[in-house]
Each structure stands twice: as structure tokens, then as C-alpha cells.
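Colleague: I am new to this structure and would like to learn how to read its pockets and its core. Could you take me through them?

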Amino acid sequence: MTSKKRVFKFNLDAGGDIPKFRQLIDSVNNAISEKRLNIGDHLPSVNQVCKDYSLSRDTVFKAYSILKEQGVIDSVPNKGYFIAKEVRRVFLFLDTFKAYKEVLYDSFTKNLPRNILVDLHFHHYNPEVFRKQIEESIGKYSKYVIMPFDHPGMEQILGLIPRDKLLVIDWNIHSETADNLLYQDFGQSVYDGLEDVCHLLGKYREFVFLYPEFTNHPMESVHFFEKFCLKHNIKYSVLNDSSNFDVRAGVAYLSVSDRMLGRFLEQCREKKLEPGRDTGIVSYNETPMKKFIYKGITVISTDFQTMGRKAAEFVSNDMSMQICVPTKVYVRESL
């Protein structure tokens, strides 16, 4: 391999909280992503970096060793370190890290080539955090995989990212016609899922949607829940105040919050009510454990493994994408 001599300057923040070895690694990966470093380009020697940036030899050697283990750089005796492969960095921005998001993340990372590195961030539905993280990420990544939320400023913030580099996932909101989308349907799919279990709901005298004040789940699901109940003449209600939740015999529940699912199961134990016999529940979003809890929890869920795999396809290839990931029902003993 023909190597090129190039003076490379590391971007270090002397007063920052990020360890210096990590800043060295990030500087190299950022430079490769931004094409400021290419395959064959030389890096300064360990001794030179120590001298130029007042760092210990252990710090620099640790950074170079990690980059070498990752295959990003290689070394030749008496010639030093050089860039061994192209590394692309991806900005993955999720709302919170719940069990079903772990399924998505695991599927996403497992289906990426080894030369693609993922920086995972969370916004927790905070618009200021969302804006700040996006603004600080511009120009540093080859692709952006973003999970947005319902907020007036969302469209403007997403507009900061080049459209061909952006994939909006999970919720199709504040998007434009030409945007890359990988989303689930929170409306008609919920209705169709309830139709699939309609025969099981017949033994309950009422159907209650647990939609607590702390949830950020789209209201669209509530509207289609009501539409379903009206069509089948089912007595229904929507519970917004979690403090008023009290499990009742003969009532079925639909929960979009795992916190409320936990309270449901806890109260069933206290009142000696058997889920699926005395009372029933349908949970939203599949997780690895729901098939084992209380003989199994009935779930309406999109396929997060497919969502992760398709997101990886977008990142790995220069392609456009507009896909609605199917939603299905997993019928278990809780109903």
C-alpha cells in the first residue's frame, strides 16, 4: 500500500470531561468520516503526539491500540501508523432505552458492516436536548437515524440534516414526501390487531385503554381503539390518571406503558385475580420477556428486529427508503 505523508492535527478539549484517549480515537474516526484522512494516510508517531499535546505515552498508546484492534489503523515497523480502512460513523438518536429499543439496537448493529461505527444518543422527549444534540452532530456523520416526537420545532430541527443522509424511524411525523422513512402505523394497525383478538374480548364486560399522563405514545392509537369499540358495541373508557388505576374483575385492559403493565400484574397478585380468566390485558410493544411473564402477555407490536435490519440497510447502502414495518398480534394467556 502506498502511504502518503500528511500532517494530521488532533482535536482535543483540554478541559473537557471526555478522556484524552477517547478524544484521540474520536478525532481519527471523525477525520476519516469527513474524508480528511484516507486509507494510507500516516498518523503522527506516539512520541510526536505526546510532545505536541502534552499527553502521557500510555494515553496515546492506548488510543492507537484500540484503533488498531478495531482495524481502523495499522502499523509497519520503522514506518509508523497509517489508516487501514475507511470508517463511517452513524448518529443513532432514540427517545429512551427500553427493552424493545434494545431489540431494535441489537438488530441494527448486528447487520452493519464492521467499518461502520454507531454513536447512540437519547433525547427523552426533551426538545432542547434534541436540538442541541442535532446541532452538535451536523457534519460529523455519514448517516443519521432519528426517532422524532411530536413537537412544533421538530420539522425545523430535522431540516438541519441533509435529507439524503436522514432516516426517520418509528413515528412518521414532521416528515416530507421525499424523506426516508421506516415507521410503524399507530392507528389502523392497532385497530386491525384488536379485530384479531375480538373473539377473546367477548368474555369481558368492559375494555379500558390505559393511557397514563406520563406516556408519549401517539394519540392516534386511542382514536382507533375508540373506533373499534364503537363498531363492536363494546363498553369502553380511557384512563389518563394513573393514580386512579384499580384492576377490576371482568374488565380487559390495553396498556401502552410497561409501567402500567407492572402495576396491573401487581394488583392482580394482591387481589388474587388471574390474568386471562378474571381479567385480561393487551400490552403494546413486544419485549423478549413478555412471552414468559404470567404464562405470557398478549402483545400488539411492530417488528423491531425488522426495523433494525432495514435501518442498517439504509446506512450501509446509498438508497432511499419508505417502509411501514408490519404490526402483528402475539396472542398469549393474559387475554
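Modeller: Start with the largest pocket, bearing in mind that the model is predicted. The space in the largest pocket comes to about 570 Å³. Its lining has 20 residues, and those closest to the centre are Ile18, Asp26, Asn30, Arg89 and Lys140.

Colleague: Which helices and strands each supply at least two residues of that lining?

Modeller: Two helices and two strands are to be looked up here: α1 (20-33), α5 (127-137), β3 (88-94) and β4 (116-122). Helix α1 gives the most, with four residues.

Colleague: How many residues of each class are in the lining of the largest pocket?

Modeller: Eight are charged, eight are polar and four are nonpolar.

Colleague: What is there to say about the second largest pocket?

Modeller: Read it in the same order. About 470 Å³ of space lies in the second largest pocket. Its lining is made up of 26 residues, and Lys98, Tyr100, Tyr125, Thr215 and Val256 lie nearest the centre. Helices α4 (99-110) and α10 (258-271) each supply at least two residues of this lining. By class, the lining of the second largest pocket divides into twelve nonpolar, seven polar and seven charged residues.

Colleague: Now the interior. Which members of the largest nonpolar core touch the most other members?

Modeller: They are Phe130, Ile134, Ile146, Phe207 and Phe228, in a core of 41 residues. Helix α9 (residues 220-231) provides the largest share of this core, five residues. Another core lies apart from it and has 24 residues, including Phe21, Ile25, Tyr64 and Leu67.

Colleague: Which residues is isoleucine 146 in contact with, leaving aside its neighbours within four places in sequence?

Modeller: With that exclusion, isoleucine 146 is in contact with Phe91, Phe93, Phe130, Ile134, Leu158, Ile161, Leu166, Leu167, Val168 and Ile169.

Colleague: Let us end with a single residue. Why does phenylalanine 8 count as buried?

Modeller: A residue is called buried when its relative accessible area is under 20%. Phenylalanine 8 counts as buried because its relative accessibility is 7%. This residue, phenylalanine 8, is found in the segment before α1.

Colleague: What is phenylalanine 8 in contact with, leaving aside its neighbours within four places in sequence?

Modeller: Phenylalanine 8 is then in contact with Ser27, Val28, Ala31, Arg36, Leu37, Leu43, Pro44 and Tyr53.

Colleague: How far apart in space are phenylalanine 8 and alanine 311?

Modeller: Their C-alpha atoms are 33 Å apart, and the two residues are 303 residues apart in sequence.

Note on methods:
Residues are numbered from 1 along each chain as its sequence is written. This is a predicted model: local features need pLDDT of at least 70, side-chain atom pairs count only at pLDDT 80 or more; totals for chains, interfaces and linings use all residues. Side-chain values use heavy atoms; hydrogens and water are left out. On a 1 Å grid over the protein atoms alone, a cavity is a set of points where a 1.4 Å probe fits but cannot get out, and a pocket is an open set with protein on both sides within 12 Å along at least five of seven lines; lining residues have an atom within 4 Å of a point. Grid points are joined across faces, edges and corners, and a volume is the space filled by probe spheres set on the points. Ala, Val, Leu, Ile, Met, Phe, Trp, Tyr, Cys and Pro count as nonpolar, Asp, Glu, Lys and Arg as charged, and the others, Gly among them, as polar. A nonpolar core is a set of buried Ala, Val, Leu, Ile, Met, Phe, Trp, Tyr and Cys residues joined through side-chain atoms within 4.5 Å. Buried means under 20% relative accessible area, exposed over 50%, partly exposed in between (1.4 Å probe, protein chains only). Contact means heavy atoms within 4.5 Å.
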